[in-house]
Structures are given as structure tokens and as C-alpha cells.
Amino acid sequence: MTHLPLYQQLLDSCAALLLLLSFAMLSQRRVVALVNLYAVQGAVLAATTLLLAWRTGEDHLYVSAALTLALKVMLLPWLLHRLIRRLQVHRDTEPLLNVSGIMLVGLVIVVFAFSLAQPITRLASTATRSAIGIALAVVLLAFLMMITRRKAVSQVMGFLSMENGVLFGAMSASYGMPMIVELGIALDVLVAVLVLGVFFFQIRERFDSLDLHHLESLKEHQ
Amino acid sequence: MHRLVHPVAAPFPMLLIGCVGLLLGWTVIGLAGLVRPRSVVLAGRLLFPLGALLGLALALLAGASLLGGGIERLILPIGLPNLPMHLRLDPLSSIFLLLLGASSFGISLFAGGYFRVGEGTAPGLLCLQYHLFLAAMGLVLIADDAYSFLVAWEVMALASYFLVTTQHRIAEIRRAGFIYLLMAHVGAICLLLCFGVLQGGSWHFTFHAMRSAHLSLGWATVAFALALLGFGAKAGLVPLHVWLPEAHPAAPSPVSALMSGVMLKTAVYGMLRVGLDLLGRPVWWWGLAPLILGLFTIVYGVLFAAVQTDMKRLLAYSSVENIGMVFTGIGLTIVFAGSGLKVFAALALLATLYHCLNHAFMKSLLFLGTGSVLHATGERNLGRLGGLIHRMPWVAWLTLIGTLAIAGLPPLNGFVSEWLLLQSFLFTGHLPHAFVNLLIPMAMALVVLGAALAGYVMVKFYGVIFLGQPREAALARAQDCGWLERIGLTWLALGCVALGLFPLQVIRALGAVTQQLVGAVVPQSSSHWWLLAPVPERSVSYAPLVFLTATLAVVLMTVLAVRLAYRQRERRGPAWDCGAGNLTARMQDTAEGFGQPIRHLFQPFFQIERELPEPTDRAPRYRVVVRERIWRLMYEPISGAVEGLANTAARLQQGRISVYLLYSFLTLLVLLAVALIR
Amino acid sequence: MNAIDWITQVLEVVVAVAAAPAFLGWLNQCRAWLQNRRAPSLWLPYRNLHKLFHKEAVIAASASPLFRIAPYVVFGTMVVAAAIIPSMSTRLPLVGSADAIALVGLFAAARMFMTLAAMDVGTAFGTLGARREMMVGFLAEPALLMVIFVASQISSSTALPVITDHLASGHLGLSPGLAFSAVAFILVLLAENARIPVDNPATHLELTMIHEAMLLEYSARHLALMEWAAQLKLFNYACIGFALFLPWGVARAHIGPMGLAVAIPALAIKLAVAGAALALIETVSAKMRVMRIPEFLATAFLFAVLGLLVHVLLKA
């Protein structure tokens with residue numbers, strides 16, 4: 001057994017926790033629980049950033065951690081909870097594929113992501129090199145979640161989770177992105193959620209439902 | 001590419017001559033059946049038990065050869081001129097001869113009591129086919145050149161074909177026989193081509209020549225693939241398994257037992273012989289093919305077993321699952337052996353061989369058990385059985401041992417081979433191939449899922465046949481089996497128990513085989529004779545005897561404690577009927593009902609036809625038929641293509657003799673032209 | 001192997017057999033408190049067992065000997081299982097004879113006998129319970145095995161004491177693979193012990209029951225043994241959980257016989273916490289539909305597989 005230093009073990013654990021949360025989101029039917037899981041994922045991400053900041057001593061990572069905490073653990077979940085209360089969607093309908101099937105596909109995706117990340121991992125010299133595969137897997141799993149859900153809210157959750165994966169990947173590869181990019185992304189996400197919130201109301205007003213298959217009727221009939 | 005260790009050949013092939021003598025003995029017994037073909041007494045009471053004794057003798061000879069660990073060779077001047085028959089007895093042959101002899105002892109004894117008058121083929125003729133089948137399997141195992149191997153292989157296929165179609169007056173059985181023969185021949189063609197490749201340009205078809213042939217990687221891979229196809233078709237590897245669920249229910253039960261318990265193992269023998277012996281040191285990625293096919297076969301077989309309603313079909317699919325286990329083991333062995341990890345390869349090979357032995361005993365036991373049930377009730381449909389433990393205690397209790405064993409429960413034998421297989425899987429972290437390391441957890445998950453599902457299948461099998469209340473009134477007249485059948489069943493059950501309780505002794509005996517095939521033995525880190533601890537660098541161990549003793553002690557102590565502390569008042573009463581009264585046997589779960597969760601969960605696997613009764617139906621009948629999609633996805637297109645091709649070729653058939661002569665003439669001309677050009 | 005090891009071995013079995021009903025009693029108490037009900041006594045399970053042992057046994061007319069053997073076999077296997085789980089010490093003489101795979105096999109054997117006995121009488125309830133139990137089992141069993149394999153990959157052994165020893169020795173810290181398998185293990189524990197999201201131990205409603213349906217025909221001492229075995233099973237599962245995920249406090253080889261003085265209170269504390277946690281889970285979740293159970297267990301199984309995968313991946 002290799003004896004990894006403590007911070008490395010902590011990082012690995014955080015990475016695994018992120019993946020675990022991604023799978024938990026994939027298997028979760030209730031929208032409220034989905035938001036909570038998202039908040040936890042944000043918290044883990046913040047913890048990881050903090051850990052890296054402490055390890056590398058780079059100041060901007062502290063800021064990034066604080067930003068993540070404020071935005072992803074507090075603000076966005078709060079917004080989403082409010083949205084859900086007002087829209088009264090608590091439960092997604094049956095996903096397009098049953099949960100076991102989705103999980104199985106997810107498993108294959110993880111293997112795929114890791115095989116893909118293998119060559120990159122060998123090149124990377126940063127402390128978090130084993131995490132690149134996980135970041136990729138988180139992104140792909142979020143994608144999978146967006147594909148398999150019907151309700152618009154769950155799809156947005158997938159989108160947000162994907163952004164978490166991207167951020168984590170960036171951190172694993174190069175200790176985070178430049179500050180300005182990170183700020184921009186954070187703003188983007190915030191705006192996206194606000195816009196999508198408005199969008200939800202519009203959809204519901206139009207179709208009396210948030211089920212996205214109603215949008216299929218918008219296509220032109222030949 | 002050659003094996004470094006060549007055990008010195010014994011000067012005089014005594015054991016091998018003994019084996020040949022026993023095989024001849026079987027043939028003579030078979031011919032003796034023709035003296036009075038209609039006599040059940042001659043065949044049943046004399047010839048079959050005699051054949052059983054020969055089987056026991058064969059097992060002893062093979063055991064002696066295995067412990068000696070030597071190699072014996074013999075060349076018999078039989079056959080075509082300049083093509084003598086090469087025979088060889090080495091540890092690999094010995095272990096499979098042991099399997100053949102030991103399980104055929106039980107099966108033949110049972111068969112002596114089983115065959116009766118008026119069942120299609122006359123008993124005398126059946127006796128001939130049966131013993132020819134046995135002798136041919138024996139010859140397959142000791143053949144040392146492709147020629148005698150293939151002759152024996154074909155005799156085996158033909159003899160078993162005639163045995164399958166014993167009740168040839170039933171169209172369905174003839175159809176089953178036809179599918180079997182067809183698949184057997186597809187397999188045989190692959191083997192023919194495989195040996196053709198293996199001779200590697202030397203045009204010598206002895207196995208010795210093949211071992212020393214130098215094949216390029218491409219040709220070696222082709223040979224391996226052909227062997228996998230050929231032997232896979234015989235063993236029942238998905239998708240070549242289709243004959244199994246047809247032929248096993250059609251054949252008489254002792255024949256099913258022999259086919260499932262022993263004949264499938266000759267295919268495993270062939271695979272090991274070609275893959276690990278004739279081809280020299282294998283390339284590691286060859287192993288992925290049997291590994292993946294084996295894993296798929298496990299899950300496929302066990303899922304279909306779970307939804308069957310015919311008890312022998314259920315067992316046939318269970319055989320498919322077990323063959324999947326064996327091929328998984330073979331695949332793992334090849335991956336290890338090709339990567340140079342000899343000890344791990346030996347462990348995986350050990351698991352494979354152990355599972356073959358186990359399966360020979362437990363599956364034969366179960367098939368014979370269903371045979372007794374079939375004789376007593378005339379019923380193969382699970383929906384019309386039930387409660388037979390009261391009427392047929394011998395069959396029921398002995399079958400219970402087989403059931404528990406095949407479900408992989410400690411301390412019986414099924415558990416040991418699963419344990420060994422899982423241990424060898426746990427090693428794969430050492431492999432130098434990153435991608436395979438990723439696949440292994442999934443493979444392991446499939447193996448344990450298959451093992452757990454086997455438990456489901458076996459609860460269904462046993463519970464529906466033997467437990468509960470009889471579903472038909474006729475079952476109340478069922479009789480327990482006769483004494484010859486009891487001895488046969490008991491022998492096989494004892495085999496299951498012994499293989500479960502003394503794994504260490506079996507593994508020691510198998511050491512010679514692993515030494516021969518992968519050049520290593522599994523080290524034994526423990527000095528105790530009862531403790532199985534195959535892996536020195538990992539502290540893993542298993543001691544079934546201690547385990548059993550502890551459990552028995554606790555159970556006995558509990559019984560005694562309850563006896564002493566409390567008064568044993570007890571009475572019999574009717575079963576709880578929820579106050580509704582009028583509880584009938586038809587209210588029990590049926591076999592269809594028991595398989596429902598699996599049918600529901602794995603729906604995409606099956607092609608299901610359901611017939612639901614109307615709500616107002618006075619005599620409602622629920623019917624559900626589960627078919628394999630593979631027929632439509634694979635076999636129907638193939639048979640369609642073949643038929644189309646045949647129709648095209650049929651245009652040649654003109655019916656006029658002069659046209660046919662023209663064909664011959666043209667052929668002759670073309671051949672002459674070719675000869676001229678060369 | 002010296003005398004102290006044998007004493008520990010016997011002590012462990014005796015404690016398991018004796019404390020198992022109390023653990024269930026504690027769980028029920030916690031649940032009652034959480035649900036604002038008055039809690040039953042901690043000793044209620046003992047009184048129940050005592051009462052059942054005294055009663056006259058009624059055996060269905062159509063029952064075979066298998067029906068009467070099964071309770072003893074099921075109870076016996078659970079006791080042997082308790083002997084090979086290192087709940088107090090990792091130096092157990094019996095442990096060499098059966099590793100974790102054999103332990104899972106032992107649980108499977110108990111399940112097999114229980115389902116066969118349930119089918120033996122031939123009532124609709126018995127067979128229905130047996131079918132559902134096997135449906136739970138065929139996914140829970142491999143899931144448990146995969147959970148154990150994660151730990152055994154880390155410590156390169158399938159023997160539970162070695163795993164516990166290795167994990168407790170601390171130089172490993174946190175292992176990502178174990179996080180996954182811990183989640184999977186909790187799901188399996190709930191399913192295997194007929195706890196709430198999967199089965200309701202308090203109900204006899206035919207639409208939902210699994211475990212109770214199998215025991216409907218049992219009475220008196222046979223029922224007592226079956227119930228005791230179920231309590232032991234819960235206790236054993238909790239101890240497997242401690243051995244894999246909370247290995248601290250167990251007496252280990254180099255700690256010596258004095259370790260027991262720490263191990264027993266440690267076990268008591270862990271059990272108390274685990275009982276409360278289980279009660280909490282049961283309180284906040286609702287019983288699910290029967291055909292949802294495979295999905296629940298498939299999730300557990302896949303989590304365990306994922307745990308193994310993550311372990312292999314992060315190690316590479």
C-alpha cells in the first residue's frame with residue numbers, strides 16, 4: 001500500500017465525494033433533494049479549493065473558495081428552492097430510462113472518462129492529477145442527467161452540476177483559472193439561473209406544466 | 001514458446017493401457033446389450049451396473065495417474081495405413097478422465113434402475129448407444145492426434161444424438177435432436193479448421209507436432225478463435241448455446257446428466273488442451289474473448305433459468321450459466337498466463353478445473369433427481385408438481401444437497417470453486433494492463449451477481465418441485481425411486497459433500513495439471529491439512545470442516561438448550577388461511593409467479609408472450625411464454641440466408657442425367673486446367 | 001493461539017447472542033422517541049422471546065421436516081457468523097476457517113433455508129414472501145460482497161480481522177473507495193434486515209411484507225428462534241459495518257488482552273450510535289413500493305462496484 005501524504009488523501013476523498021454526489025443526483029427523483037445535493041456538491045468543491053489554496057498558498061484560490069461557498073452553497077440553492085416552491089414542482093416524473101439503467105450507463109461513462117484521462121494524468125505534475133478523470137466523469141454524468149430528465153428544473157440542475165465538474169477539472173489541471181475568468185463564469189451561472197427562472201415561468205404559463213416534452217409540439221409539422 | 005518442464009515419460013504405459021482396456025470394456029458391454037435388445041433385466045440389472053463399475057475403475061486409474069503426475073504415450077496401429085492412433089495420458093487428461101469415471105459411476109447405476117420398457121428405443125440398443133457415448137468421451141480425452149480426436153468427437157456427437165432422440169416418435173424431440181446435431185457439426189467444422197491451422201505447415205496431425213509447430217501470431221490467433229468457436233458450441237457458450245435447452249429436456253434424464261455433467265466438460269478439456277497446451281504460451285489478450293463471453297453467458301444463462309417453467313430446461317440454462325463460470329476462469333487463466341503471472345494463472349486454472357469437477361457432480365445429481373420425479377409423476381412442468389418431499393423423501397433430500405451445492409453455499413462444493421474464482425479475480429490488480437484492471441471490478445460484479453441469481457433459481461427449482469402442497473391430485477400416488485437409483489444419487493451427493501469438505505486434497509491432486517499447463521502450482525501457505533490457504537502473500541483461508549463442525553455444534557447446542565429449558569409441546573394444525581377458509585394448493589405461487597420479478601426487471605432480455613384471461617372467465621388460464629431473442633436476431637437471419645443460398649444452388653438440379661454428366665465433365669475440365677497451370 | 005484468544009472468541013459469541021435483542025430494543029426505543037411516541041422497554045424483545053419459547057408450537061399439517069429444521073439452521077448460521085466478525089478483537093481462533101466471502105455465503109445459506117421453509121407449507125403468503133426475499137437477496141448479496149471487496153483490495157485480504165486490523169492501524173487515513181461502499185453498505189443493511197424503506201417490520205399487510213410473510217406459519221419456539229436469528233443478523237450487519245468503516249477501538253494484536261477493556265465500551269458506544277442513526281433513517285424515509293426495491297438495491301450494488309472502480313482508478 002502506498003503511503004500518500006495527508007492532503008493528497010483528503011483531495012482524493014473530496015474528488016470521490018464529488019463523484020458520489022454526482023451519482024446521487026443521477027439516482028434522485030425528488031427535485032428538492034436534487035437542489036440539496038447540489039448545495040453539498042458546492043460545499044465539497046469549496047472545501048477542495050480551500051485545501052488547494054492552503055497547499056499552494058495562492059491567494060486567488062481563497063477568493064475562489066469564498067465565491068464558490070457564497071454562490072453555490074447559499075445563493076443558488078436559495079434561489080432554486082424559492083423557484084421550486086413557487087412553481088410547485090417537487091418530483092420529477094419518471095426519467096426516460098429507469099434509474100438502474102442510468103446508473104449502469106454512468107458506470108460505463110466513469111470507466112470511459114478515466115481511460116480518456118489516463119494520458120493527461122501522466123503528463124500532469126500537479127498534486128491533483130488523479131482527479132482529472134473524476135472531473136471529466138462529473139461533467140459527463142451531469143450531461144447524462146440532463147439527457148434523461150423530463151422536467152426543466154432537473155435539467156438546469158444538471159447544467160449547474162456540469163459547471164461544478166468543469167471548475168473542479170480546471171483546478172485539478174492548473175490550480176484554477178485566472179481570477180477574471182472565474183468571476184465571469186460565476187456571473188454567467190448566476191445570470192443563467194435567473195434567466196432560466198423567468199423562462200420556467202413562461203413555459204408554465206404557456207403549457208401549464210414544466211414537462212419539456214410539451215416543447216416538442218413547437219416544432220414545425222410537415 | 002515451449003514448455004520448459006517435460007516430465008519424464010514412463011517406460012511402460014500401464015495406466016494408459018488400462019484406460020484403453022476399460023474403454024473397450026464399455027464398448028463390449030454396449031454390444032452385449034444387443035444380445036437380447038428387449039430385455040430390461042439384462043441391460044438394467046447387469047450391463048449398466050457393470051458399466052458403472054468400469055467407470056469407477058477408470059476413475060481410480062485416472063486418479064493414480066494424476067497423483068503420479070507422469071505422461072504415458074501409446075501408439076496403436078488402428079485406422080488407416082500410416083495413420084496410427086496416438087494416445088496419451090497426462091495430468092490434464094487424467095483429471096477429466098477422473099471426472100468422467102467418477103460421475104458416470106453414479107449415473108450408470110441410476111440408469112440401470114431408470115430405463116424401462118416402452119420408451120422409444122429398446123433397452124439393449126440404448127445400452128449400446130450409452131456405452132459407446134461413454135467410450136467415445138474417454139477416447140476424446142486420451143487422443144493425441146487430431147485424427148483420432150475428431151473421430152472420437154464425432155462418435156460422441158452421434159451417440160449422444162441417438163440418445164437424445166430416444167423417444168423419436170415425438171416430433172418436438174426429433175427437432176431438438178436436429179438442432180443439436182446441427183450445432184455439433186458447426187462446432188466440428190470449426191475444430192477441423194482449427195487443427196488444420198495448428199499443424200502449421202508440417203502436415204503432421206499429431207498433437208506433438210502441433211506443440212512444436214511455429215505459428216505466426218496471426219495464425220495462432222485464428223486457431224484460438226476457431227477453437228473457441230468449436231469448443232464453445234459444444235460447451236454451450238452464448239450465443240452458441242441454443243441446442244442445450246432443447247436437447248436436455250428431450251433426452252432421458254441419465255443422458256441429460258451425462259451430457260451436462262460430462263460431455264460439456266470434454267469441450268472445456270479441448271479448450272484447455274488447445275489454448276494452453278498446443279498453442280504454447282498464450283497471448284494475454286486472447287483471454288479477453290473467453291472472459292467476456294463467459295461473463296455474458298453467466299448472466300444470460302441464469303436469467304433464462306429463472307424464468308423457465310420446465311424443470312429440465314431450467315437445469316439446462318443453469319448449465320449454460322456454469323459453463324460461463326468455467327470460461328470466465330479460462331479467460332482469466334489465459335490473461336494471467338500470457339502476462340507471465342504463473343502462480344495467479346495456476347489459481348485461476350484451479351478454480352476452473354474445480355468448477356468442472358463440481359458441476360459434473362451437482363448437475364448430474366439434479367438431472368437424475370428430475371429424472372426420478374419425471375418417472376414418478378410423468379410431469380416436467382413445474383406448474384403441475386409440488387409437495388414431493390412427502391412422497392419421495394430419498395430423491396428430495398439428496399436433491400437438496402445438489403441444490404444447496406449449486407447455489408454456492410458453504411460448506412458444499414459449489415462454494416469452493418466460486419471462492420477460488422473470486423480470489424483469483426481479487427489478484428488482477430497486479431496485471432500490467434491498465435484497461436483490464438478497470439474491467440475487472442465489473443467482471444467480478446457480474447460473477448457475484450450470477451452466483452446470487454443462481455441461488456434464486458435453485459430456490460425456485462427446489463421449492464416448486466419438492467415443497468408446498470401437491471398442485472395436482474395425481475401427485476399423491478408418486479413413488480420414491482428404486483434402490484439402484486438411490487445408490488446412484490447418494491454417490492453423486494457424497495461427491496458434492498466430499499469436494500466441499502476436502503478442498504485441500506483436491507487442490508493438491510490438481511497441482512500436476514496446473515504444473516503441466518501453466519508451469520506453476522498454487523503454493524500452500526498453511527501446514528494444516530484442513531485449512532485451505534492458497535495465497536501466501538494474502539492472508540486468506542477457508543476451512544470447511546471447521547466451519548461445518550462449528551455450525552453443527554451450535555445447531556445441536558441450540559436444539560439441546562431448547563429441549564432442556566422448555567417443554568416440547570407441539571401439535572399439528574391446518575395452515576393459516578387468513579380466516580377465509582378453503583385454502584387450496586392452486587393458491588401457491590407458481591413457477592411463473594416465482595420468476596416474475598426477474599421477468600419484470602430484465603424485460604429487455606426476454607421475448608415475452610402473455611395470455612391474460614378475461615375478467616369474466618369462468619376457468620381462467622394465465623399463460624406466459626418466454627423466448628430467447630437470439631433466435632430472431634441471429635439464427636433466423638442465418639437460416640434464411642442458408643435457405644436462400646440452397647434455393648439458388650437448387651437451380652443446378654435439372655433432373656436429367658445428361659446435365660449431371662455435363663457437370664462432372666466440366667468439373668473435370670476445370671481441375672485439369674488448374675493442374676496444367678500449376 | 002492462546003487461552004485469551006479463545007476466551008475472547010467465546011465472549012464475542014456470547015455477547016452477540018445476548019445483546020442482539022437489546023440492540024433491536026434500543027433501535028425501537030429511539031424510533032419511538034423520534035416519532036413522539038412512548039418508547040417500549042429496552043427488554044421487550046427478551047420478554048417476547050421468553051414468551052414464545054414457552055408456548056405450544058402449532059405446525060401446519062402439510063409441513064415437512066425441513067420446516068422444523070430451518071429455524072435451528074438459520075439461528076446456528078447467524079451465531080457462527082457472529083463468531084467470525086471481529087466485533088471486539090481481531091485475534092479470533094475461528095476466523096481462519098472462514099473469510100468474508102464465506103461470511104456472505106453463510107448469510108446466503110440462512111436465506112436459502114428460510115425461503116425454502118417458507119415455501120414448505122404451501123400457502124400463498126409463504127411463497128410470496130420467499131419470492132420477494134430472494135428478489136432482495138439476489139441484489140443485496142453481491143452488493144455486500146462488492147462492499148467487502150473494496151476493503152479487501154485496500155488491505156489485500158478477504159479475512160475480516162486482517163481488514164479491520166489494516167484499516168484501524170491508521171496509516172491509511174481516508175480512502176475514497178470506502179466512501180462509496182459505505183453508502184452501498186447502509187442501503188444493503190436496510191434491505192437485508194427488513195428495515196423501513198424496503199420492508200416494514202411492524203406490518204402484516206400482504207401488499208408490502210417480505211420478511212414477516214415468510215414467518216407467518218411459524219409459532220412458539222420456532223418463531224422465537226427465527227426472530228432471534230433476525231436480531232442477530234441485524235447485530236452482525238452492524239458489526240460488519242464497524243469492522244469496515246469504524247474499526248477503531250477493536251482490540252488488535254499488538255494491543256494485547258487489555259485491549260478488551262477498551263473494545264467492549266467502544267462496541268457499546270458504536271452500537272448505541274448506530275441504533276440511533278438507523279432509527280433516524282427509518283423515521284425520515286417512507287416505505288417504498290415492492291417493485292421499487294430492486295432499483296434501490298441496484299443502486300446499492302452499482303455504488304459498491306463504483307467504489308471498487310474508484311479505488312482501482314485512484315490507485316493507478
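Two residues are in contact here when they have heavy atoms within 4.5 Å of each other. Keep that in mind. What you see above is a predicted model.

Let's start with chain B and chain C. How many residues of chain B are in contact with chain C? There are 72 of them, and they meet 78 residues of chain C. The area buried between these two chains is about 6600 Å². Carbon and sulfur atoms give 72% of that area.

Now the polar side of this interface. Between chain B and chain C, the rule finds four salt bridges. Take one pair: C:Arg131 and B:Asp589. Their closest N and O atoms are 2.9 Å apart, and they form a salt bridge. Polar contacts come next. The count is 22 residue pairs between chain B and chain C, with both residues at pLDDT 80 or more.

Which parts of chain B do the touching? Several elements each supply at least two residues, among them helix H15 (393-406), helix H20 (544-565) and strand E3 (570-573) of chain B. Helix H14 (388-391) and helix H21 (591-601) of chain B are also included. The most comes from H17(B), with 17 residues. By class, this side of chain B has 48 nonpolar, 18 polar and six charged residues.

Next, chain A and chain C. Here 27 residues of chain A are in contact with 24 residues of chain C. About 2200 Å² is buried between them. Carbon and sulfur atoms give 77% of it. How many salt bridges does the rule find across this interface? Zero. The count of residue pairs in polar contact, both at pLDDT 80 or more, is also zero.

Two elements of chain A give two or more residues to this side: helix H1 (6-27) and helix H4 (99-123). H1(A) gives the most, with 11 residues. The classes on this side of chain A are 16 nonpolar, eight polar and three charged residues.

Let's stay with chain A and look at its fold. It has seven helices and zero strands. Along the sequence, the pattern reads α-α-α-α-α-α-α. Chain A has 222 residues, and 53% of them count as buried. Now take contacts in chain A between residues at least 6 apart in sequence. Of these, 74% join residues at least 24 apart.

One residue as an example: A:Val73. It sits in helix H3 (residues 59-87) of chain A. Why is A:Val73 classed as partly exposed? Because its relative accessible area is 23%, and partly exposed runs from 20% to 50%. Leaving out residues up to four places away in sequence, A:Val73 touches A:Ala39, A:Gly42, A:Ala43 and A:Thr68. A:Leu19 is 54 residues from A:Val73 along the chain, and their C-alpha atoms are separated by 17 Å.

Last topic: confidence. Chain A has a mean pLDDT of 77, and 77% of its residues reach 70 or more. Where in chain A is confidence lowest, and where highest? The lowest is helix H7 (residues 179-207), at a mean of 71. The highest is helix H2 (residues 31-56), at 86.

Chain B averages a pLDDT of 86, with 95% of its residues scoring at least 70. Look at residues 1-10 of chain B, though. Their pLDDT is below 50. In the model, this stretch has 19 contacts beyond near neighbours in sequence. Where pLDDT is low, the predicted coordinates should not be read in detail.

Key. Residues are numbered from 1 along each chain as its sequence is written. Chains are lettered from A and ligands numbered from 1 in the order in which they are written. This is a predicted model: local features need pLDDT of at least 70, side-chain atom pairs count only at pLDDT 80 or more; totals for chains, interfaces and linings use all residues. Side-chain values use heavy atoms; hydrogens and water are left out. Buried area is the accessible area (1.4 Å probe) that two parts lose on being put together, summed over both. A salt bridge is a side-chain nitrogen of Lys or Arg within 4 Å of a carboxyl oxygen of Asp or Glu. A polar contact is a pair of N or O atoms within 3.5 Å; within protein, one must be able to donate a hydrogen and the other to accept it, and residues adjacent in sequence count only if both atoms are side-chain atoms. Helices (H or I, at least four residues) and strands (E, at least two) are DSSP runs, numbered from the N terminus. Ala, Val, Leu, Ile, Met, Phe, Trp, Tyr, Cys and Pro count as nonpolar, Asp, Glu, Lys and Arg as charged, and the others, Gly among them, as polar. pLDDT is the predictor's confidence in each residue, from 0 to 100. Buried means under 20% relative accessible area, exposed over 50%, partly exposed in between (1.4 Å probe, protein chains only).
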